[in-house]
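Welcome! Here are a few short exercises, each with a worked solution, to help you find your way around a new structure. Take a look at it first, then try each task before reading on.

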Amino acid sequence: MDDQSPVMGLVHLLRAVTVEVDLLGAEFAARHGLHPTDVRALIHLLDAARAGTRATPGWLGEQLRLNSAGTTALVDRLERLGLVQRSRDTADRRRVLLEVEEKATELGWAFFGPVIGEVVVAAEGFEAGELETVRRFLTAVLESAGRAGAG
């Protein structure tokens, strides 16, 4: 592949964005005594809530590629810190559901809110069609990364 091609330029730019966001996540984790996996877990749980997905420990373990013991330790830690709550599913009392506590949401917004605000301002400078193209591209990249990670 031509390292100077426009497509490779996008690949390098996407990598740079990923590195910066990862550094922000690591800084957030360090400030709050969390492991980076804790932050990823909270993000998955927040995304699940937004999508209407009923998050269970098994579901979370799949998202994070953790075994059962690792997932249990993670959920125990987040619950002890007051960031996640376990509850019984009212439809199936055998199933445990996970929910992010308001404390976690508040911590996240306090840290990431300014960054999100900057991204929103940047995005508002694009037309609807351009935003749709970016959305399609990022969706395709996400699917590609998922396929590559599964292999």
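## Exercise 1: Two helices that meet

In this predicted model, helix α3 brings Pro 57, Leu 60, Gly 61 and Leu 64 up against Thr 71, Leu 74 and Val 75 of helix α4. Work out how the axes of α3 and α4 are arranged.

Solution. Start with what such a description needs: two packed helices are described by the angle between their axes and the distance between the axes. Next, find the two helices: α3 covers residues 57–64 and α4 covers residues 68–80. Their axes come within 9 Å and cross at roughly 110 degrees. Angles from 65 to 115 degrees count as roughly perpendicular, so α3 is roughly perpendicular to α4.

## Exercise 2: The link between them

Find Arg 65 and decide: is Arg 65 buried or exposed?

Solution. First, locate the residue: Arg 65 sits in the loop between α3 and α4. Then look at its backbone, where phi is near 60 degrees, a positive value in a residue other than glycine. Last, turn to accessibility. The cut-off for exposed is over 50%, and Arg 65 has a relative accessibility of 64%, so Arg 65 counts as exposed.

## Exercise 3: An alanine in a helix

Describe the surroundings of Ala 48.

Solution. Begin with its place: Ala 48 belongs to helix α2, residues 36–51. Now check its accessibility. Buried means under 20%; Ala 48 has 3% relative accessibility and therefore counts as buried. Which residues does Ala 48 contact, leaving aside its neighbours within four places in sequence? They are Thr 53, Ala 55 and Trp 59. Finally, compare with a residue from Exercise 1: Leu 60 is twelve residues from Ala 48 in sequence, and their C-alpha atoms are 9.5 Å apart in space.

## Exercise 4: The whole chain

Now step back and sketch the protein as a whole.

Solution. Take the elements first: the protein has six helices and two strands, and from the N terminus their order is α-α-α-α-β-β-α-α. For its extent, the C-alpha trace spans about 55 × 35 × 30 Å along the principal axes. Of the 151 residues, 21% are buried. The accessible surface is about 10500 Å², and carbon and sulfur atoms account for 60% of that surface. To finish, look at charge: there are 17 positive and 22 negative side chains, with the centres of the two sets 9 Å apart.

Note on methods: Residues numbered from 1 in each chain as written. Predicted model: local features only at pLDDT ≥ 70, side-chain atom pairs only at ≥ 80, totals over all residues. Heavy atoms only, no water. Helix = DSSP H or I, 4+ residues; strand = E, 2+ residues; numbered from the N terminus. Buried < 20%, exposed > 50% of the residue type's maximum accessible area, 1.4 Å probe, protein only. Areas by Shrake-Rupley, 256 points an atom, 1.4 Å probe, with all protein chains shown as cover. Lys, Arg positive; Asp, Glu negative; His and termini not counted. Charge placed at Lys NZ, Arg CZ, Asp CG, Glu CD. Axes fitted to C-alpha atoms, helices over the stretch in contact; angles between N-to-C directions. Parallel < 35°, antiparallel > 145°, perpendicular 65-115°, else oblique. Contact = heavy atoms within 4.5 Å.
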